[in-house]
Amino acid sequence: MALTSVSSIVLFAVFLAVTNGQRVSMGACPDISPQKGYNVSKNMGTWYEVQSYLAVFEYFSKCPEATLELQANGHVLVKGQSTNIFTGMTTEVNGDAAPTDANVPGKFNVGLYAWLPASEFTVVLTDYKTYTVTYSCTDIYGWTKMELAFIHSRQRTLDDDTLMSVMDQLAAMGIEPSAFVAIDQTDC
């Protein structure tokens, strides 16, 4: 009976990972806070994804980018697009990033697709002009976690020194840098 329960939990975790496109690993979520003094207005504009944890909804795509627009209600309109690597066709999506708490700037419930539940994302690092890093983690029973993380740049590339600095800061927060993969931003 215990094996059936464990199997059910593992299958549930795999299902969630596949449907949400998140990295599953052992351990609890790190205690992550938004960047101190985060200013949502400064983070608006176009960002190019340069590194991320693998996400199912981005398989077979390249050149992902997002344009962020602050709305009157305090939400952020997320206009995303990417190119299918087989057809060359552009896919566009409009999503909503709703602040989770007006007293804690930098935490958002982000919904992009009708079939994908909204997830809480935290802006953990940004200098507003070069890079921004968002992170999401869902705790499963305290011993497993599902994570999704993105490193975006104002350009289609991010210089190696800046990327290494960002990775070092993420490691210090408990976010695994080795899980990031480079995103194809060529011939966009």
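**Exercise 1. Get a feel for the whole chain.** What share of the 188 residues in the protein chain is buried?

*Solution.* Buried residues account for 43% of them. Keep in mind that you're looking at a predicted model. Next, the elements: the chain has 2 helices and 10 strands. Walk along from the N terminus and you read α-β-β-β-β-β-β-β-β-β-α-β. Then look at the contacts with a separation of 6 or more: 57% of these are between residues 24 or more positions apart. Finally, the outside: the accessible surface is about 10200 Å², and carbon and sulfur atoms own 57% of that area.

**Exercise 2. Sort out an aromatic pair.** Are the rings of Tyr38 and Phe108 stacked or edge-to-face?

*Solution.* Start with the count: the chain has 5 aromatic pairs. In the pair of Tyr38 and Phe108, the ring centres are 6.4 Å apart and the planes meet at 80°. Planes over 60 degrees apart count as edge-to-face, and that is the label for this pair.

Now find the partners in the chain. Tyr38 sits in the loop between strand E1 (23-26) and strand E2 (45-52), while Phe108 belongs to strand E6 (residues 107-111). The two are 70 residues apart, so the pair links distant parts of the chain.

Last step, accessibility. The cut-off for buried is under 20% relative accessible area. Tyr38 has 8%, so it counts as buried. Phe108 has 9%, so Phe108 is buried too. Tyr38 and Phe108 also join Tyr128 in one aromatic cluster.

**Exercise 3. Try a second pair.** How are the rings of Phe60 and Phe86 arranged: stacked, edge-to-face or tilted?

*Solution.* Their centres lie 5.5 Å apart and their planes are at 45°, so this pair is tilted. Phe60 is in the loop between E2 and strand E3 (61-70), and Phe86 is in the loop between strand E4 (76-84) and strand E5 (90-99). That means the pair ties together parts 26 residues apart in sequence. Buried or exposed? Phe60 and Phe86 are both exposed.

**Exercise 4. Follow those rings to the surface.** Which residues make the nonpolar surface patch of about 640 Å²?

*Solution.* Phe60 and Phe86 are in it, together with Leu54, Val56, Tyr59 and Ile85. Pick out Tyr59: like Phe60, Tyr59 is in the loop between E2 and E3. Its relative accessibility is 44%, which is why Tyr59 counts as partly exposed.

Note on methods
Residues are numbered from 1 along each chain as its sequence is written. This is a predicted model: local features need pLDDT of at least 70, side-chain atom pairs count only at pLDDT 80 or more; totals for chains, interfaces and linings use all residues. Side-chain values use heavy atoms; hydrogens and water are left out. Rings of Phe, Tyr and Trp (its six-membered ring) pair if their centres lie within 6.5 Å; planes under 30 degrees apart count as stacked, over 60 as edge-to-face and the rest as tilted. Helices (H or I, at least four residues) and strands (E, at least two) are DSSP runs, numbered from the N terminus. Buried means under 20% relative accessible area, exposed over 50%, partly exposed in between (1.4 Å probe, protein chains only). Contact means heavy atoms within 4.5 Å. Accessible areas come from the Shrake-Rupley method with a 1.4 Å probe; for residues, only the protein chains shown count as cover. Patches are made of residues with over 30% relative accessible area and no salt bridge: like charges are joined within 9 Å, nonpolar side chains (Val, Leu, Ile, Met, Phe, Trp, Tyr) within 5 Å. A salt bridge is a side-chain nitrogen of Lys or Arg within 4 Å of a carboxyl oxygen of Asp or Glu.
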